[in-house]
Amino acid sequence: MRFLLRLPQTHLRKLTCSMSLLMGSKQFLELCLLPSVAASSSLSPSYTLQRQLSSAPRRFRPVLASRPVSKSSPYHQGPNGVSPYTSISRAPNPVDPEDGAVQSRLANLRLKLAENGIDAQNCPSGQYSGLICPQCEGGDSGEKSLSLFIAADGSSATWNCFRGKCGLKGGVRVDGKFTTSVVPVGKAERKVTVESLELEPLCDEIEDYFAARMISAETLKRNRVMQKRIGDEIVIAFTYWQRGELVSCKYRYLTKKFFQEKNTRRIFYGLDDIEKASEIIIVEGEIDKLAVEEAGFRNCVSVPDGAPASVSSKETPSEDKDTKYKFLWNCNDYLKKASRIVIATDGDGAGQALAEEVARRLGKERCWRVKWPKKSDDEHYKDANEVLMSMGPHSLSEAIRSAEPYPIQGLFSFKDFFDEIDAYYHRTHGHEYGVSTGWKTLDNFYSVVPGELTVVTGVPNSGKSEWIDALLCNLNHSVGWKFALCSMENKVRDHGRKLLEKHVQKPFFDADYGRSVPRMSVEELDEGKLWLNDTFTLIRCELDSLPSIGWVLERAKAAVLRYGIRGLVIDPYNELDHQRTQRQTETEYVSQMLTKIKRFAQHHSCHVWFVAHPKQLQQWDGGPPNLYDISGSAHFINKCDNGIVIHRNRDEKAGPLDLVQICVRKVRNKVAGQIGDAYLCYDRATGLFSDSPITPEKPERRSSRRP
């Protein structure tokens, strides 16, 4: 095997790899026996070697060195036939990934990495992994530029970002013996001049290029736009100046390919134009800055690096870690003087993401946003230069002057709702006056408006639930609404029977309560079941515990999205699980609960009926209670949009026993109704309500409270 020791290192590696595959094969044995074969043959060893190798497959033939090997080389053969430098590389002891100690160290190590902003949950140990850098976030392209290596035994990890503008490096050990801080690699700022960058005045070809974009030679000269020769090409040079000093330069090929001078200060393009300005305009590109100047605004700057792909989901980093927007911090002395900042970035997704990132750093309260004019019914112009080229400087100026305040969550102007107000005025949606209850006498006082909360109360056995069920059936028959029912006091079969009787208008059973009307047939039952399933969704807690209001509203939201319900019934309040803290009073709890219900109703344009029982009345005279008698809190009447008391006559002297009084005691929306009483007749056989032909005289009401 002497010839093997004289092979170059690369050839030796290839041959070693091949030999590992040939162990025990015929070709390998012949290769090992070459020297002995040559010695026993009358032919020269070199001839024998060449002949033997020529008979072996091509992929297994060694390549001999082209020149002698140095005596200092580790592949040089010693006098005893063995290289003194030859050593056998030993693989490290294997680590069992299932070892409990290793898993524990890995878990602790990943926690330490997470503290440094590195998510290593899916990174295996013993190898390199590519991740998004927590500092530069992969730049505009979002590339996985961070290389993370975790030791096989889970004891340590090191990382390095390979983006030149970032240079993040660091390491951490589980035992805490060393930790390198997450700090970017510092690089000294280069000092540049026009001469050192070999810049020169613009040629006619470049000026013609700008003229086609409606940028004048005067504007180019004032902004010191120059050119640079790179090989056979001429590129545009946008020079970045700060207080008369050239600090950087950005180049643009005519094919819209950009690059910048490395290790120079990052600032706005046109920074000196806003040094004393109280109002500034920020655009996305240098050409847009020149276009805005053509429209009459010199107080304009451009960001140096373009726009990000999307808005970052993380919190705004501190100044020392905000490398992507370092130019904002470098120009803070200029920006803090401005009371009004107009953001006129591109209208595409990336441009809007840039606007959001800039606004949340500068303060949205002093930012305005430009919305570019429409190009067609479904498309807007993209940027300032496109508006200048297509519509002229006057239209560009109008677009900038018409900038609107930057949106702040929870802060609106009436202008934001003008479309909704117009639709309300013209009754576009059709329910502006509310939906009829189906009873003419009641419509004068109460109608159902989407997005409102109606609290219904009454003494036990007054027919509160029966009246609500009848109202839901009327709404379904007239406008096709669907509903979600959270009725904890009713068994499903009993509730289904009541609804079917009102829909079919026949009793469910041939029992005493319905002897006067024929029982519904099997065919009517089958048709009614289809209607029942299509109209109502049930919200029921199958566990032993009672449902909370949050749990109910989550299911109601799902019913809105899945089935398109327009109404929700929660019956009653005392069957809910009232999860309030020890320090929270029932009044405070009820207030928060009703606020949640109202927000649900308004957000999903869904009417909610909430049944609440009155407290035990002292010295009750048989008359209807009032809303302040509801057990729990006065907030039931304070926060609801509509308050209704259902009262059934129990005195034959006062009128028919089937007479039901609907007492409307609160109406917030005067368009939808007013305070007053309506009287309905109840049909016990079918559960239906109808307008009463008589209106009894109201007895003098005595107090239902304890004296």
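1. In this predicted model, helix α12 (residues 349–362) lies across three strands, namely β10 (279–283), β12 (340–343) and β13. Its direction makes an angle of about 165° with β12. Since angles over 145 degrees count as roughly antiparallel, α12 and β12 can be described in those terms on the strength of the 165° value.

2. The strands beneath this helix belong to an open sheet of five strands, ordered β11-β10-β12-β13-β16, with mixed pairing. The edges are occupied by β11 (300–302) and β16 (404–405); each has a single partner strand, so one side of each is left without a neighbour in the sheet.

3. At the β16 edge, the partner strand is β13 (residues 367–369), and the two run antiparallel, joined by two bridges. Within this pairing, tryptophan 368 has proline 405 of β16 as its bridge partner.

4. Helix α13 spans residues 384–391, and its buried residues are Ala384, Asn385, Val387 and Leu388. These four lie on the same side of α13, because the arc they cover around the axis is only 160°. The elements covering them include α9 (286–294) and α14 (393–401).

5. Both ends of α13 merit attention. At its start, a side-chain oxygen of aspartate 383 comes within 3.4 Å of the backbone nitrogen of asparagine 385; asparagine 385 is also one of the buried residues of the helix. Just after α13, glycine 392 adopts a positive phi of about 95°.

6. A further helix pair consists of α18 (residues 492–504) and α19 (residues 522–535), which pack at about 110° with their axes 10 Å apart. The angle makes α18 roughly perpendicular to α19. On the α18 side, the contact is made by Gly496, Leu499, Leu500, His503 and Val504. The α19 side contributes Glu524, Leu525, Glu527, Gly528, Lys529, Trp531 and Leu532.

7. Threonine 535 also lies in helix α19. This residue is buried, because its relative accessible area of 3% falls under the 20% limit for that class. Leaving aside residues up to four places away in sequence, threonine 535 touches Asn476, Trp481, Lys482 and Phe483.

Terms used. Residues numbered from 1 in each chain as written. Predicted model: local features only at pLDDT ≥ 70, side-chain atom pairs only at ≥ 80, totals over all residues. Heavy atoms only, no water. Buried < 20%, exposed > 50% of the residue type's maximum accessible area, 1.4 Å probe, protein only. Arc of directions from axis to C-beta. Contact = heavy atoms within 4.5 Å. Polar contact = N/O pair within 3.5 Å; in protein donor to acceptor, adjacent residues only side chain to side chain. Pairing = 2+ DSSP bridges. Axes fitted to C-alpha atoms, helices over the stretch in contact; angles between N-to-C directions. Parallel < 35°, antiparallel > 145°, perpendicular 65-115°, else oblique.
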